[in-house]
Amino acid sequence: MNESQLILTIVAAIGLGTPLIFATVGETITERAGILNLGVQGMMLIGAVSGFWATFHTGSLLLGVIVAMIAGAALSAVHAFTSITLRVNQIVSGLALTLFGTGLASFLGRAGSNPLVGNPSRKVFEPLFSGAITEIAVVGPLLFGHDILVYTAIAVAGGASYYLFNTRMGLSLRAVGEDPASAESAGVSVARVRYIHVMVGGSLAGLGGAYFSLVLVPTWQDDPIGAAGWIAIALVILSSWRPWRAVVAAYLFGAAERFQFTLQTLGEPWSAVPSTLLAMLPFVLAIAAMIVLTSGKRARLLGAPAALGIPYFREQR
Amino acid sequence: MERINMAFTRWRVFATLLVAFALVAAACGGDDDADTAGPAQPAEVLKVAFVHVGPVADKGWSWAHDQGVQYLKAQLGDAVEITTLETISEGADSQRVFEDLAAAGNKLIFGTSFGYMDPMLAAAENFPDTVFMHATGYKTSEGMGNYFGAAEEGRYLSGMAAGAATETNLIGYVAAFPIPEVLRGINAFTLGAQEVNPDVQVQVVWTSTWFDPPKEKTAAESLLDAGADVIAMHQDSAAPGQAAEAAGAKWVGYNTDMTEFAPTAWLTAAIWNWGPIYLATAEQVIAGTWKSEAFYGNMAGGMVALAPFGDSVEQATRDLILEREAQIKDGSFSVFPDPIINQDGESQPLGDIFGMDFFVEGVIGSSSG
């Protein structure tokens with residue numbers, strides 16, 4: 001592997017990791033409120049199709065992103081209603097959201113007289129910088145070769161981290177996720193905090209989905225995001241509910257996604273490794289990291305919100 | 001026809017079964033009720049089902065099959081009632097899908113992906129009154145026929161376009177699974193490229209998926225970064241072409257005319273025309289003359305064709321390709337020589353091309369995945 005191939009592989013890993021950052025940070029915020037939302041895949045697909053739709057009809061990428069976030073938030077509101085107000089099983093509700101979102105996305109992609117399906121995007125996010133700065137050796141492509149959403153993703157992770165650990169509202173949020181009864185007695189509205197953060201999580205999942213349909217694979221096709229929603233849920237655990245770690249985990253995962261193919265182009269001895277083994281690489285990485293992180297004393301440090309997935313009954317305090 | 005996507009497939013099959021049970025129950029409950037429940041279907045309506053591995057909206061493999069389904073529908077109209085199931089995983093679980101369809105009264109069931117072969121064979125044994133048709137495999141039984149076509153003929157011609165287009169003499173090939181069908185395609189493509197450019201090499205990467213656009217695009221990018229300036233593919237989506245377009249490289253597609261996804265990169269592709277085999281099979285089943293066989297279509301018969309050329313394909317190359325196409329059609333040129341030079345530079349007998357398990361000279365990568 002030559003130097004430029006290594007750099008291009010890292011650049012690609014950053015691109016592949018970016019939608020995972022959005023979705024993982026979103027799910028982290030949701031789970032910090034004590035709500036487990038397994039509907040990430042569905043919300044991402046809805047974000048992908050609606051963002052594509054808005055850009056397709058208006059030619060505006062900004063509108064595409066906004067519509068994707070609204071759509072993701074709207075779908076997550078369904079989960080918020082069932083899990084917070086109706087207190088149904090969050091796993092069932094989340095899975096239903098994924099099934100519903102997957103079906104709805106492909107339905108919307110084919111609806112109407114001029115369906116989206118099979119159409120390339122009218123506009124695509126281009127790299128933010130151009131000219132001399134991108135041509136600096138190594139640093140140029142690595143730091144300045146990306147579209148604006150790559151930098152936005154890092155900013156979102158940073159903002160989420162600050163919000164969670166340095167603000168009063170972040171403290172309330174964590175309290176609700178750890179011990180909702182105590183939070184409530186301290187004057188925090190558990191339901192309100194949960195609703196807001198489930199929907200913030202949904203909007204970020206929608207944005208992550210739009211990154212696929214407007215940047216990575218800028219065409220509308222059924223199922224354009226692979227298994228990204230499920231990977232994001234694993235990355236939340238891998239990053240132990242901390243947004244900065246989500247950035248690292250997402251890039252690592254992006255690198256593994258890319259590296260399975262780069263390895264195949266490197267010739268002997270790498271080409272002797274069966275490609276099916278390489279295809280497992282991202283998942284092996286995730287499982288290995290989780291085993292290391294969750295074994296022994298480290299498990300306590302992992303930081304899963306104590307009330308995660310448990311319906312909160314106010315009257316049962 | 002119904003179009004059902006992944007998420008709802010099981011529910012729809014389940015619901016169909018439920019309705020079927022309800023009808024049976026109603027029929028058993030009282031003979032008169034059955035008549036008043038609605039007009040009985042005319043006996044000549046043939047229920048036909050299609051099972052695809054990807055979404056028919058992939059604009060690739062499954063879409064090409066669905067074009068054939070539309071043709072069948074247009075030709076036979078109300079004489080057929082068509083059900084289409086999409087995104088059905090290959091493997092043992094698909095047997096249940098085939099059996100559900102047979103139980104729901106479909107008398108002719110098509111499965112359009114390699115991995116359905118054994119599950120379909122088992123289903124055909126359990127439902128001897130139903131005609132099963134499997135695409136791309138190599139097994140048949142009394143109740144299961146097989147159909148496929150010589151894509152390698154189109155692959156060879158598209159390889160000629162790629163060989164003429166490359167400047168780095170490295171062509172990247174994004175490939176799904178190391179099965180004979182895919183290996184035939186890669187080898188024919190490479191031989192075609194070598195005919196116009198003896199120095200060309202074809203680097204293969206395996207994705208282990210038929211349809212996963214982000215993964216296929218990533219694989220294509222890794223090939224471009226390794227120095228390839230033409231991308232070819234055995235995948236169901238157009239994503240590798242988008243990678244080529246973005247990098248200013250060229251692209252040979254597959255399955256359908258995919259020009260719209262990457263108009264600058266587009267060279268040409270081997271494409272499919274499934275309509276006639278679907279019509280012929282349905283007519284045979286209706287007439288009661290169907291017999292299990294392994295049907296292998298070709299360019300001369302029209303099942304395989306070459307897509308329109310992209311603008312960048314030079315006239316001299318086009319002429320050369322069209323001349324070869326005519327020779328392939330009239331039988332005076334055969335894509336694979338016998339004996340054939342393998343990846344290690346050794347001459348070996350061609351053998352049975354339906355069990356092809358080696359790469360020809362000039363291919364870089366592992367033929368076992």
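Visitor: Where in chain B does pLDDT stay under 50, starting from residue 1?
Guide: Over residues 1–8 of chain B, in this predicted model. pLDDT is the predictor's confidence in each residue, from 0 to 100. For residues 1–8 the model has 27 contacts beyond four places in sequence; two residues are in contact if their C-beta atoms, placed from the backbone, lie within 7 Å.

Visitor: And which other run in chain B stays under 50?
Guide: Residues 17–42 of chain B, with nine such contacts. Where pLDDT is low, the predicted coordinates should not be read in detail.

Visitor: What does chain B average?
Guide: A pLDDT of 89, and 88% of its residues score at least 70.

Visitor: How are numbers and letters assigned, and what counts in this model?
Guide: Residues are numbered from 1 along each chain as written, while chains are lettered from A and ligands numbered from 1 in written order. In this predicted model local features need pLDDT of at least 70 and side-chain atom pairs count only at pLDDT 80 or more, but totals for chains, interfaces and linings use all residues.

Visitor: New topic: how many residues of chain B are in contact with chain A?
Guide: 33 residues of chain B, against 37 of chain A.

Visitor: Which element of chain B gives the most there?
Guide: Helix H8 (213–225), with 10 residues. Helices (H or I, at least four residues) and strands (E, at least two) are DSSP runs, numbered from the N terminus.

Visitor: And what scores does the predictor give the complex?
Guide: An ipTM of 0.82 and a pTM of 0.82.
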